Amino acid sequence: MSQLLYMSQAFYLPGLASVTYCTISAESNNCQTNLMVYVNRLNTVENIVPYEYHDFDFCIPESDVANSPTENLGQVVFGERIRPSMYKMNFSEDITCRQVCEKTYSKEDGKQMEKLTFLKRGISLNYQHHWILDNMPITWCYKVESGDTYCSTGFPIGCYVTKHSKRKDTCITLSNFKDPDTYYVYNHVDILIDYHPLSEEDWGTQHLGKGGRIVTAKLIPRSINHQDKPDCSDNAPVLGIPGVQPDKPIKIKYTYSVKWTENMNIKWTSRWDYILDSMPHTNIQWFSIMNSLVIVVFLSGMVAMIMLRTLHKDIARYNQMDSMEDAQEEFGWKLVHGDVFRPPRKGMFLAVLVGNGTQLFFMTLITLVFACLGFLSPANRGALMTCALVLYVCLGTPAGYVSARMYKTFGGEKWKSNVILTAFFCPGLVFAVFFLLNLVLWAKGSSAAIPFTTLIALLALWFGISVPLTFVGAYFGFRKRPIEHPTRTNQIPRQIPEQSLYTRPLPGIIMGGVLPFGCIFIQLFFILNSIWSHQTYYMFGFLFLVFIILIITCSEATILLCYFHLCAEDYHWWWRSFLTSGFTAIYFFFYCIHFFFTKLEMSGFTNTFLYFGYTGIIIFLFFITTGSIGFFACFWFVSKIYSVVKVD
């Protein structure tokens, strides 16, 4: 089982082909000789707002935007901004201390000082570079407390020593970083590239040993105070920028070195493994799966006991009743057979939520299947979000069909209002909050701010594809006959007896979300880490299993509580079934609050507003998805038990 999961996680994206590189002497149409480092946006765990590479006044080529690679929809939505850099090299040619550019900051020039202030702020907040070579991240590998090696996909732009001589972040790694109130810039990088040479079958004997494919790309950031001539020796002095305004102009020379090494042990197809293997989460994931399975077995046993023992005896006894006197002795869930299918209050709104939840459920399920098959690997940036958006747009038909069919079953007649709410309410609410958060990012000049043209494209997808498909689904839904219930509904509603504490609506709803949340909270930690701590998430095999377990636990917990409430002669189960499993989202929200205050280092109104704004969107979508799972499970259960009972 573990081997299958590993294969599902490590399976490489078929659409990304390898690139063969060769030396200049062996140049041909089948290989490339030169390489360029691409730079992505810079981010930090201390601030939600990311920035583009050129915002920090680093070395950038002319017309970097025009020569940038094409970004897909998912990359734009996630705020990735990949740009070409001035760090270039040829295959298998080592470089020693090559200068890229030089930046000068003088106190007489106000614009230069603004750029220097912004750079120092980025250093103090520990903003991270993200570089790309041959479509894989250039990693910074270092030892952690346990003695293992951790390979990060980003590296800091510098480090800061406070006024009280406290060395922050990476300043603790070198004793030369000691001057108080000083910003040390990592203006030099040693890039270490391993390549796997091509065999005779791949390359032929003519150019054997002159080509290969890149399998690892690592770097070591350093701070060097270059003098007139670049000096990248190990004993070179470090470059520190004082916190106060400098009297003399500050000059920063950016340099780099490149070292190529032949590596026969790593193949191109497994070149991401050293990054993913440095994240030792597999044991924790298996613990999470086993913990979830225990809960599933417990719930399944409870439901089986109800279905096979209690219900079986009840149904057998009720079906043997022949006289009216026996019928008057009915008790428990059989007593409410004439009211159990009474349409709920606000039935249109419930139908709208269930329809949108169905759309999100199928979107999530199909996306996870694609991810498990390897089509959404980390190498294909933005593919996960692109797939999710496209699927959501194309799944408008099930949303309209389910919403219309349920609303018609409830006896609703305002079909126009139902269709419009299904097509616009949930997506419109999410888009409105998303647009508000995007305005904040626009005001901050962040790279995460989605361009206006992309917003227009998203609206075009919504109004041009999703809305018409929702109307088509609603058309077929309203044409179908209402779902027939196994029992007739009484004209006069039955009075519900006074309920005990544990059978009242609110305690039942609160209890219903505990077990599903217990199955997923460990997985939530890794998901939130990937979103807010900028770690690579690749364990889609585990995520798919947890999603299946979530479906089972939401269904069984809702069925269990629904049975208890029906036995207490409370027949208001429509909304309660939706809210019982949907309450898992409330526990999710509390966990997000805990994560924000204990795991993240963010502060300030903007960070708090953005974090809880995006979290609110996730919680709302999670709420209607899990709520719909519980609703359909309970609908099946109630229809099933009353369909096998003889009703006069």
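**Exercise 1. Find which residues of helix α11 are buried, and what covers them.**

Step 1. Look along α11 in this predicted model. Its buried residues are N418, V419, T422, A423, C426, P427, V430, F431, F434, L437, N438 and L441.

Step 2. Now recall a rule about helices. An α-helix has 3.6 residues a turn, so residues three or four places apart point the same way.

Step 3. Next, look at the surroundings. The cover over the buried residues of α11 includes strand β4 (47-51) along with the helices α8 (347-372), α9 (383-394), α10 (396-409), α12 (452-479) and α18 (605-643).

**Exercise 2. Work out what span helix α11 should have, and where the helix has a kink.**

Step 1. Helix α11 covers residues 415-444, which is 30 residues.

Step 2. At 1.5 Å a residue, the expected span is 44 Å, and the end C-alpha atoms are 44 Å apart, so the two values agree.

Step 3. Follow the helix to L421: a kink of about 35° is centred there.

Step 4. Go on past the end of the helix. Just after α11 comes G445, with a positive phi of about 70°.

**Exercise 3. Find the residues that make the nonpolar surface patch, and the element that gives the most to it.**

Step 1. The patch consists of F435, L436, L439, W442, F452 and I456, and its area is about 550 Å².

Step 2. Two elements, α11 and α12, each give two or more residues to this patch. The most come from α11, with 4 residues.

Step 3. Take L436 in helix α11 as an example. L436 counts as partly exposed because its relative accessibility is 45%, and partly exposed means a value between 20% and 50%.

**Exercise 4. Trace the network of salt bridges that includes D57.**

Step 1. Start with a general idea. Side chains of opposite charge can pair when their charged atoms come close.

Step 2. D57 pairs with K103, their closest N and O atoms being 3.5 Å apart. This links the loop between β4 and α2, where D57 sits, to K103 in strand β6 (residues 95-105), 46 residues apart.

Step 3. K115 also forms a salt bridge with D57, with the closest N and O atoms 4.0 Å apart. Since K115 lies in helix α3 (residues 110-124) and D57 in the loop between β4 and α2, this pair ties together parts 58 residues apart in sequence.

Step 4. Compare burial. D57 and K103 are buried, whereas K115 is partly exposed, at 41% relative accessibility.

Step 5. Put the pieces together: D57, K103 and K115 form a linked network of salt bridges.

Terms used
Residues numbered from 1 in each chain as written. Predicted model: local features only at pLDDT ≥ 70, side-chain atom pairs only at ≥ 80, totals over all residues. Heavy atoms only, no water. Expected span 1.5 Å × (residues − 1). Bend = angle between axes of the 7 residues up to and from the residue. Buried < 20%, exposed > 50% of the residue type's maximum accessible area, 1.4 Å probe, protein only. Contact = heavy atoms within 4.5 Å. Patch = residues over 30% accessible without salt bridge, like charges linked within 9 Å, V, L, I, M, F, W, Y side chains within 5 Å. Areas by Shrake-Rupley, 256 points an atom, 1.4 Å probe, with all protein chains shown as cover. Salt bridge = Lys/Arg side-chain N within 4 Å of Asp/Glu carboxyl O.
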